[in-house]
Amino acid sequence: MATTIMILYVAKLNKIIHFPDFDKRIPVKLFPLPLLYIGNHLSGLWSTSKLSLPMFTVLRKFTIPLTLLLETVILRKQHSLDIVVSVFAIVFGAIVAAGSDLAFNLEGYIFVFLNDIFTAANGVYTKQKMDPKELGKYGVLFYNACFMVIPTFLISVSTGDLQQAIEFHEWKNILFILQFLLSCLLGFLLMFATVLCSHYNSALTTAVVGAIKNVSVAYIGMLVGGDYIFSLLNFAGLNICMAGGLRYSFLTLGSQLKPNQTDEENVPLDTKS
């Protein structure tokens, strides 16, 4: 969050980017994004610590139908039948995999479903708040971090996490410090890329892109980590999930290419020449 604030503020001072100066209407315009933002982070960390990596990846797929539902209700966006079928294929695969999860953890499941709700709501409201006439994409990133950096700091103090971080023995290691700063920069780039994806596409596409990214994570997690217990149904559910996600990606890409192809077909032959 601190990295996000510094990078965007310096860029604004140097006229590289633009977002509104702070005024008393900003909190009203941004609400409830900061609460969804921090809820997403905390529930994600808690659920990751309770579940195997493949099961965490699969259960995170429920973000996609939740995003579809919220886009329909909040953004009034309609989706084609093919898109809906692909989404439900993802959900069906997740249910099959979860139903045969031999390492069931109720607390982990509760936290991951909370994480799904926070992620879906965060994506849809981010799309809504990015109106250039309002906060814009840079304003959403900047003020989100500004409003939540202090509450997050206080949470880390109250839980003892800050004390553990201060006592960490690698702070004198230059290599560790460089890697730590790089992770902060990459964290900012990840949030920025996510916001850009929602800006140019949709919250649903961003959710599915995130799911496709987890294809490699799920399969690698079966081999690394030692906490995945294999079963045929669970493995089949994982593959159905991945197939549904890939199908959605092809449908979305196809819908974006069709208008260009149609335009080209309507161009006279002499103009093409």
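**Entry 1: α3 and α7**

I looked up the handedness of the α3–α7 crossing first: it is left-handed. Left-handed here says that the near helix is turned anticlockwise from the far one by less than a right angle; clockwise would be right-handed. The model is predicted, so I noted its filters: local features need pLDDT of at least 70, side-chain atom pairs count only at pLDDT 80 or more, and totals for chains, interfaces and linings use all residues. Residues are numbered from 1 along each chain as its sequence is written, and side-chain values use heavy atoms, with hydrogens and water left out.

I then took the geometry. The axes of α3 (residues 33–50) and α7 (residues 106–129) come within 8 Å and cross at roughly 150 degrees. That makes α3 roughly antiparallel to α7 (angles over 145 degrees count as such, under 35 as roughly parallel, 65 to 115 as roughly perpendicular, the rest as oblique). Axes are lines fitted to C-alpha atoms, for helices over the stretch in contact, with angles from 0 to 180 degrees between N-to-C directions. Helices are DSSP runs of H or I with at least four residues, strands are E runs of at least two, and both are numbered from the N terminus. By class, the α3–α7 contact has eleven nonpolar, ten polar and three charged residues.

**Entry 2: annotated spans**

I checked UniProt. Its unreviewed entry places "transmembrane region" at spans including 106–126 and 138–156. Residues 106–126 are 100% helix and 0% strand, with end C-alpha atoms 30 Å apart. Residues 138–156 are also 100% helix and 0% strand. Their end C-alpha atoms lie 26 Å apart.

**Entry 3: the core**

I listed the largest nonpolar core, a set of buried Ala, Val, Leu, Ile, Met, Phe, Trp, Tyr and Cys residues joined through side-chain atoms within 4.5 Å. It has 23 residues. L51, L59, I64, I83, V87, L204 and Y248 touch the most other members. Among the elements giving two or more residues are α4 (53–59), α5 (63–74) and α11 (203–223). α6 gives the most, with five.

**Entry 4: single residues**

I looked at M6 in α1 (residues 2–13). M6 is exposed, at 54% relative accessible area (exposed is over 50%, buried under 20%, partly exposed in between; 1.4 Å probe, protein chains only). The C-alpha atoms of M6 and F142 are separated by 9.0 Å, though 136 residues apart along the chain.

K15 lies in the loop between α1 and α2. K15 is not a glycine, yet has a positive phi of about 60 degrees. K15 is exposed at 74%.

A cis peptide bond joins F31 and P32, with omega about 5 degrees. P32 sits in the loop between α2 (26–30) and α3.

Notes. Nonpolar A, V, L, I, M, F, W, Y, C, P; charged D, E, K, R; others polar. UniProt positions renumbered as here; feature names shortened; annotations may be inferred.
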